Amino acid sequence: MANPPKTTGKNWFKYFQYQEGRDTPADARNILLIVAALIATVTFQAGVAPPGGVWQEGLRAGKAIYASKKVAFYVFLISNTLALSSSILVIISLTITFPFRLEIVVAMVSMIVTYGSAIFAVTPGESGRFRYVLFVALGPFVFRCLIQIFRAFQTMPAYDRIVKERMQEKNLGTERVTT
C-alpha cells in the first residue's frame with residue numbers, strides 16, 4: 001500500500017476514498033459489511049432501548065418516555081427503522097453468495113421481526129401510526145426490487161426494439177419537417 005500524503009487537508013480525504021485501480025472489490029465489500037453491521041447494531045439497540053428509557057411505574061410502565069413527544073418520537077422511529085432496514089439490505093446483498101446464505105437471511109429477517117416487536121412493545125397504544133414505521137422498513141427492499149425490475153426490463157430485446165422504433169419515428173418526423 002502506498003504511503004499516505006504528508007500534507008494535511010483535502011489530500012487526506014482523497015487518499016482514503018475508494019480508487020478502482022488501487023482497492024480491490026473484496027476490500028470494498030469487507031468495509032461495506034463492517035459499516036453496515038455497525039449501523040445495524042446501533043440502530044437495533046436504539047430501537048429496543050429507546051432514548052430516554054422506558055417508564056418503570058404506573059400506567060405507562062414499559063412504554064418509551066420519549067414517546068410523550070409524539071412527532072419527535074416518530075421521526076426517530078422512522079429514521080432509525082430506515083437506517084436498520086437499509087443496512088440489513090446491504091448485508092444481505094453483499095453476503096448473498098456466501099456459504100450459509102440461507103442462515104444469514106433467516107438471521108436478518110429474525111432481527112427485523114425482533115426489532116419490530118420491540119418497538120411495538122414500547123410504543124404507547126398507537127398501532128395506527130405504527131404501520132408507517134412498517135412501510136418504512138419495507139422501503140429499501142421495495143426500492144431495490146423496483147431498480148432490479150427496471151434494469152431487467154431495459155435489457156429485454158423487446159424494449160430495445162421499441163426504443164429503436166421510437167428513435168426512428170422521431171428521426172423521420174424531423175426529416176419531414178426540415179424538407
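**Close-up 1. Phe135 sits in helix α5, which covers residues 127–154.** A quick heads-up before we look around: this is a predicted model. Phe135 has a relative accessibility of 55%, so it counts as exposed, given that the exposed label starts over 50%. Phe135 also has company: together with Tyr132, Leu138, Val142, Leu146 and Ile149, it forms a nonpolar patch on the surface. Added up, the accessible area of that patch is about 640 Å².

**Close-up 2. Here's the largest nonpolar core, a set of 19 residues.** Phe73, Leu77, Ile91 and Ile119 are the ones with the most contacts inside this core. The elements giving it two or more residues are α2 (25–48), α3 (70–94), α4 and α5. Of these, α3 hands over the largest share, with 8 residues. As a bit of background, nonpolar side chains tend to be buried together in soluble globular proteins.

**Close-up 3. Zooming in on Leu77, we can see what it touches.** Leaving aside residues up to four places away in sequence, Leu77 is in contact with Tyr115, Ile119, Thr123 and Val133. One of these, Ile119, is also on the list of residues with the most contacts inside the core, and so is Leu77 itself.

**Close-up 4. Ile104 belongs to helix α4, which runs over residues 101–122.** Its relative accessible area is 22%, so Ile104 is partly exposed; buried would mean under 20%. Setting aside residues up to four places away in sequence, Ile104 touches Thr95, Phe98 and Pro99. How far apart in space are Ile104 and Ile91, C-alpha to C-alpha? The distance is 8.9 Å, for two residues that are 13 residues apart in sequence.

**Close-up 5. Phe100 is in the loop between α3 and α4.** Have a look at the backbone here: phi of Phe100 is near 60°, a positive value in a residue other than glycine. Is Phe100 buried or exposed? With 62% relative accessibility, Phe100 counts as exposed.

**Close-up 6. Arg22 and Asp23 pair up in a salt bridge.** The closest N and O atoms of the two residues are 3.1 Å apart. A search of the whole structure turns up 1 salt bridge. The two partners get different labels for their surroundings: Arg22, at 31% relative accessibility, counts as partly exposed, whereas Asp23 is buried, with a relative accessible area of 16%. The label for Asp23 follows because buried means under 20%.

Notes. Residues numbered from 1 in each chain as written. Predicted model: local features only at pLDDT ≥ 70, side-chain atom pairs only at ≥ 80, totals over all residues. Heavy atoms only, no water. Helix = DSSP H or I, 4+ residues; strand = E, 2+ residues; numbered from the N terminus. Buried < 20%, exposed > 50% of the residue type's maximum accessible area, 1.4 Å probe, protein only. Contact = heavy atoms within 4.5 Å. Patch = residues over 30% accessible without salt bridge, like charges linked within 9 Å, V, L, I, M, F, W, Y side chains within 5 Å. Areas by Shrake-Rupley, 256 points an atom, 1.4 Å probe, with all protein chains shown as cover. Salt bridge = Lys/Arg side-chain N within 4 Å of Asp/Glu carboxyl O. Core = buried A, V, L, I, M, F, W, Y, C linked by side-chain atoms within 4.5 Å.
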